[in-house]
There are 4 protein chains.
Amino acid sequence: MFEQKIELKGHIVDSYILPQIMDTIMDLGGNYVFEQFDIGRTKDEPSYCRMRLNAGTQAALDETLRLVQRLGATILEDRDCEFKPAPRNGVFPLDFYSTTNLQTFVRAQGKWFPVDKTEMDCGIILRNADGKLNAMCIPVTHIKKGEMVAVGHTGIRLEPMERDRKREVFAFMGSSVSTERPKELAIAGLVNEMREAKARNRKILLVGGPAIAHTGAAKYLSKIIEMGYVDVLFAGNALATHDIETALYGTSLGISLNTGLNEEEGHQHHIRAINTIRFYGSIQAAVDAGVLESGVMYTLVKKNIPFVLCGSIRDDGPLPEVITDVLEGQDAMRAHIGDVDIAIMISTMLHSIAVGNLLPARVRTVCVDINPSVVTKLADRGSHQTLGIVTDVESFLRELQLQLAATENN
Amino acid sequence: MFEQKIELKGHIVDSYILPQIMDTIMDLGGNYVFEQFDIGRTKDEPSYCRMRLNAGTQAALDETLRLVQRLGATILEDRDCEFKPAPRNGVFPLDFYSTTNLQTFVRAQGKWFPVDKTEMDCGIILRNADGKLNAMCIPVTHIKKGEMVAVGHTGIRLEPMERDRKREVFAFMGSSVSTERPKELAIAGLVNEMREAKARNRKILLVGGPAIAHTGAAKYLSKIIEMGYVDVLFAGNALATHDIETALYGTSLGISLNTGLNEEEGHQHHIRAINTIRFYGSIQAAVDAGVLESGVMYTLVKKNIPFVLCGSIRDDGPLPEVITDVLEGQDAMRAHIGDVDIAIMISTMLHSIAVGNLLPARVRTVCVDINPSVVTKLADRGSHQTLGIVTDVESFLRELQLQLAATENN
Amino acid sequence: MFEQKIELKGHIVDSYILPQIMDTIMDLGGNYVFEQFDIGRTKDEPSYCRMRLNAGTQAALDETLRLVQRLGATILEDRDCEFKPAPRNGVFPLDFYSTTNLQTFVRAQGKWFPVDKTEMDCGIILRNADGKLNAMCIPVTHIKKGEMVAVGHTGIRLEPMERDRKREVFAFMGSSVSTERPKELAIAGLVNEMREAKARNRKILLVGGPAIAHTGAAKYLSKIIEMGYVDVLFAGNALATHDIETALYGTSLGISLNTGLNEEEGHQHHIRAINTIRFYGSIQAAVDAGVLESGVMYTLVKKNIPFVLCGSIRDDGPLPEVITDVLEGQDAMRAHIGDVDIAIMISTMLHSIAVGNLLPARVRTVCVDINPSVVTKLADRGSHQTLGIVTDVESFLRELQLQLAATENN
Amino acid sequence: MFEQKIELKGHIVDSYILPQIMDTIMDLGGNYVFEQFDIGRTKDEPSYCRMRLNAGTQAALDETLRLVQRLGATILEDRDCEFKPAPRNGVFPLDFYSTTNLQTFVRAQGKWFPVDKTEMDCGIILRNADGKLNAMCIPVTHIKKGEMVAVGHTGIRLEPMERDRKREVFAFMGSSVSTERPKELAIAGLVNEMREAKARNRKILLVGGPAIAHTGAAKYLSKIIEMGYVDVLFAGNALATHDIETALYGTSLGISLNTGLNEEEGHQHHIRAINTIRFYGSIQAAVDAGVLESGVMYTLVKKNIPFVLCGSIRDDGPLPEVITDVLEGQDAMRAHIGDVDIAIMISTMLHSIAVGNLLPARVRTVCVDINPSVVTKLADRGSHQTLGIVTDVESFLRELQLQLAATENN
């Protein structure tokens, strides 16, 4: 029988942390004994427990520990985290510790260090900067041979996301992505969150797909940007292209946004729009030349709001600003997410998952799509931080813009 | 080699009638020879063709003829339709002619008679009323032993639906149910159609599911009813129940439409709402008693607009007005569809398919659902008469109400 | 401040009962104080807690109590349940207690009585049979004026569903309905459950939709029935009709199951199949006459296995056995569910929801559909008893039949 | 009134070419007059027509001509195509002719030249190679300043796809992507097509997503590859990673393919698998080292079958073989599609659309996905060349492998 003690603190019962830990131990065939259990007597008091868990083999115990650690349990050992050198550039030691998106701490020289730049599926390195130790997350492609990388799972501690103590939009609607719920209320909740984020000087990130242009919703998004509620936009070639197509030709994928008719073969307009911007050299240059005079990209350029366009293999063209190397694209996005508090992801599974991979768990994420499967997939990030809304993107952006405008005037 | 001559008239090329007939003959392994082909030289001139089609067996020829007849071909024979007596109540002769929803004619005594009450999957009977022969559609459950029912397929002719000669909302959007299309334009087209129907004194039928209540859209539908744009409503127990639940408790399936929160266990409110109406004896009685004071059902009662509530096996309760026998329910709906020109079907697959089965092909049908599969299934009725819109029911009804109100004021 | 004591026993932490209760109290704006909390020290020891909960108003307290009671909390009061007479036939007292599908107990004359025939959204009556009190669930349509019906929520206790103490198929896959999971394993787990149910002499219920016939899977289901793994079948007119259409014409909705081609206009065959059975008077009579010689309905008749066919308003025909009154249909199904341990629901949302409404929570339910939304909707019954499988019905039934046959031979 | 003559030849009625042309003219507000119409009297005789079409403005006429040209009409003018120099590297002349995926001809020096490397949304250049003129498609990113690019739409002719004269799998099932169809027949048809392609020495391309690994279907695909039915594979980082994860750890995304249980935190295994391959330097090297011993990638390496792995911004790692620049990825795929006759696309919208953009219309495409929307989107390429199958990828590949093996043994 292989045993280990762990401890847990905080709102561990109603945040579903302790039940999940008990489930995990049993699912892996193990057992547990509570040595101490002090329930928080009221909703504001934290709980505490210390339990001994066991498993039939050392391997099963290791797996169990790795999992309960990810759920927030601290392994009660007085040992530092172990570090090993990367065997070559772009390669971690084979037994590296793979990160979650939760706030993480590593123990070195008997002290706990917070890990910077939390991101899933990365490694942890400890750098000595000016005599001070500094722990940080690093993607595998960035590691240099010889850098010291955390391995195993001792000396590592995670801070789980707890249920908020008050009623709030992300808590109550998070798990619900039904098509059959009133959407106005969810949008009203989001409007509050956005206004609070602005008041705290925190950033709002918008991640968008081409349906924004196809459904004629680009005009609503342009107004939201103009009102200052988007601090950075991530998208692909498609949203930018069809937004510019609309500005140049009045169509999106060749369908007129005024009449709904196919004006002409769709591919014509969008590839022509791309060629035109390529002719001028950049979106900025096309705006300066007076060729591009409306739309989402125009508004971003005019308001000097940064955007990152990442390429994909299904792109036509692409536009000059599109970053065609996907690793460079990821790094370009990483550079912008430090201060983001809210990420609004609209009608793009590819970009939403990509951004979700990069974001720390603390960022509140709103995912809007007409396809419930997409929302389910994206909303399922194991925290109380996600709001999924199954609805039409056109009506979502129209309503969001209206409600933001209404609160402005109060 | 088994042969038969057929002929076709009208806009048979661009309405896809002739190509489908050629496809059908080839799919069934046969061949054809055009004996005459006079193309309509301009878009307003009809075309005419006469062709000889053949097949390897009499059975294959019969099947081919049955199919091309359904597509609008006339079988060139100088014979009357054959009629046989129904062998018992509720049973057709085994070789009965099964109807389509297209306008149909039967030949008797050397003359062609139009068939009344066109409906799919029924039989045709010829009744002698005051010395005049009268052909009509009849469902199998209504047939009486001994009545004369059309059999085989000679002496029967159908009038296919042709493409309209002008651009219009049902023609251009019909085949397209994409989530990625601008919805405002489709709604604007529908508003025009609804206003024209009112101007012609024709009826608008609304078929609705409970998502109208769940999403908080009942208030928009109530206004549309109040404005006179619904002449009859078909629904099930669910829409009426949750609409009344909202009126009595402010919730739908227990979810508050003001806060989006679960106020209380959902089933409580809806079963209590049903019990309350049962206590008063009817929806009308509850309105008269001042208990029910708002919502879709309230507005219908107040405006004296007829509704049919048909039961299903998943109903709780049900409400007193619900017709629990499904055959009686079908008959109750049949009684209302005579003058209907437009049927708007919202978020209910069961009722929409049921109503679709009863409607003649000429009725223009708009199907709105957030699930593209439902729209595809319902919009696929083989005619230019159907408009499918994949969107959120809340935003659809809000926008429809706004646009109807806007045109009212012009 | 309005207060009440409640208590909880059992595996209340890892079965997510206590966390949900804490959530509920907080969601409704209340607070709680644990007076006693004895955690089960190991996985087999039950836990116990007694807590005082409070709310700002009596109404909020009442709602909170109703909800936590549904989650399994016992309200600590030494009071019997209150009963009031039904005001008329088919109507409960306005403040009746509305049931869940969990095992329920009512307190009368100082003793707790188990409630028979547990079903959601019903009332509870107490009958005196031969001097013995007998509590049972009753649907609103069955209540007679003057019968005593439980009201309020004191003197009522529920037994929540607890997580199983061992790994098992329903526990681990229940929440997961992903299309991207290996299906063979889920089917292997189901095969085990089905064999165990047979060994215990408990019933297996199959609820099926017409896709079983359309996809050519009726032959697999027929074999499963022949092997004795279906004790009762619930379906609608459509499954039976298309199954019989296949037996008579080799098609389903007119599409040949041998060639995949449209043999002839679909509606022809299915309405002819219905008419033929109507001609013979019943499915049984058609089997006896040697007209119906294969398929699901044939096998059921031959093996003397009961089936219930419930009508819906979208039915053509229908077949003679179809119960056209929906309340009679519900009662016919209720008569068969007493000994059911496993319900397998395949490709029918209408019938699956209807049956789900009637089943007690203890029945293990497997829901199979290619549409993830349907599976999500049906699998979401708040217990550890449901397994959702998103897959093709043809491949599901083929694999299930193969695995059942394989285990037979061991 | 602006006029132009066009002509059409071939099976233009039942291939829906002429009806679409008539629709297009009317949709754009124009009219037409048939000057000559010679119907093919039997199914094997081609038809011919010459028509005069007109429009209200020159712009409307130009748009109409562009569209009907894409549908296969030849514009009756005795003029060569016009060519203009590219204004700079990577930029077409602003009025360039944008290609379709149909076989195209350009007229130069009074003669018609076939255009090589047909691909959508590209330009056409005319190169002089060894004194011979050579027309070819070129993507915008590849164009060099000064190269002569086709502009406008005169002197360009397309060869439309015609309906096959015999019954066949792609013709009859093409438009049907229903979940409610028998799949075995479609797979049998595909097996025939694959065997015929092999007999003709033409290539089969497989495009796959990670669901192949997640559902445990990699073992079936590996066998299909081993039997020689895949000539080249296109995928992303995800399929290769999870396939290798399965080989190394027995899991896919951390879920055991033997037990269906979460063995351990999913992200651990897949990122470890990537790191391991990165450690060895390549998939080939890991196979050589005896580390990778089974699965799809292993089989490809062992059988020396080429594969292209294209990166996307949602990739973790990625594996060393992944091409991280999307334009390089497109070029790598272009290099392999010359001899491809059949493209089988399984469970990946991103890669399927990307490959679909690159393929000429003549390539028969089979698209398999459990999500009907994906199949609809991909199958909608306007030709008789596409077969959409909505089903579970596991059961599709199992059945395909079984049927291929069965025909091998005959």
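## Close-up views of a predicted model

**View 1. Strand S12 (residues 203-208) of chain C lies parallel to S13(C).** The two strands pair over four bridges. In this predicted model, one of the paired positions involves Gly208(C), whose bridge partner in S13(C) is Ala235(C).

**View 2. Strand S16 (residues 307-310) of chain C also runs parallel to S13(C).** Four bridges join S13(C) to S16(C). Follow Ala235(C) here. Ala235(C) stands opposite Leu309(C) in S16(C). Ala235(C) is also the bridge partner of Gly208(C).

**View 3. Strand S13 of chain C is largely enclosed by the rest of the structure.** The strand covers residues 232-236. Is it buried or exposed? Five of its five residues are buried, so the rest of the structure largely encloses S13(C). Now look at the two faces of the strand. Val232(C), Phe234(C) and Gly236(C) point one way. Leu233(C) and Ala235(C) point the other way. Residues on both faces are buried.

**View 4. Chain B meets chain C.** The contact takes 46 residues from chain B and 45 residues from chain C. Which helices of chain B each supply at least two residues of the side that touches chain C? They are helix H2 (58-70), helix H8 (266-280), helix H11 (326-334) and helix H12 (349-358). H8(B) gives the most, with seven residues. Sorted by class, this side of chain B has 18 nonpolar, 16 polar and twelve charged residues.

**View 5. A rotation of 180° superposes chain B on chain C.** The shift along the axis is 0.0 Å, and the RMSD is 0.1 Å. The two copies are thus related as by a two-fold rotation axis. Which C-alpha of chain B is nearest the axis? It belongs to Asp325(B) and is 2.0 Å from the axis. The same surface serves both copies. Of the contact residues of chain B, 98% recur in chain C.

**View 6. A turn of 180° lays chain D on chain A.** The RMSD is 0.1 Å, with a shift of 0.0 Å along the axis. In chain D, the C-alpha nearest the axis is that of Asp325(D). The distance from that C-alpha to the axis is 2.0 Å. Here, too, the same surface serves both copies. Of the contact residues of chain D, 100% recur in chain A.

Definitions and conventions:
Residues are numbered from 1 along each chain as its sequence is written. Chains are lettered from A and ligands numbered from 1 in the order in which they are written. This is a predicted model: local features need pLDDT of at least 70, side-chain atom pairs count only at pLDDT 80 or more; totals for chains, interfaces and linings use all residues. Two residues are in contact if their C-beta atoms, placed from the backbone, lie within 7 Å. Ala, Val, Leu, Ile, Met, Phe, Trp, Tyr, Cys and Pro count as nonpolar, Asp, Glu, Lys and Arg as charged, and the others, Gly among them, as polar. Copies are superposed by least squares on the C-alpha atoms of residues with pLDDT of at least 70 in both. A residue is buried if 20 or more other C-beta atoms lie within 10 Å of its own, exposed if 12 or fewer, and partly exposed in between; C-beta atoms are placed from the backbone. Two strands pair if DSSP finds at least two bridges between them.
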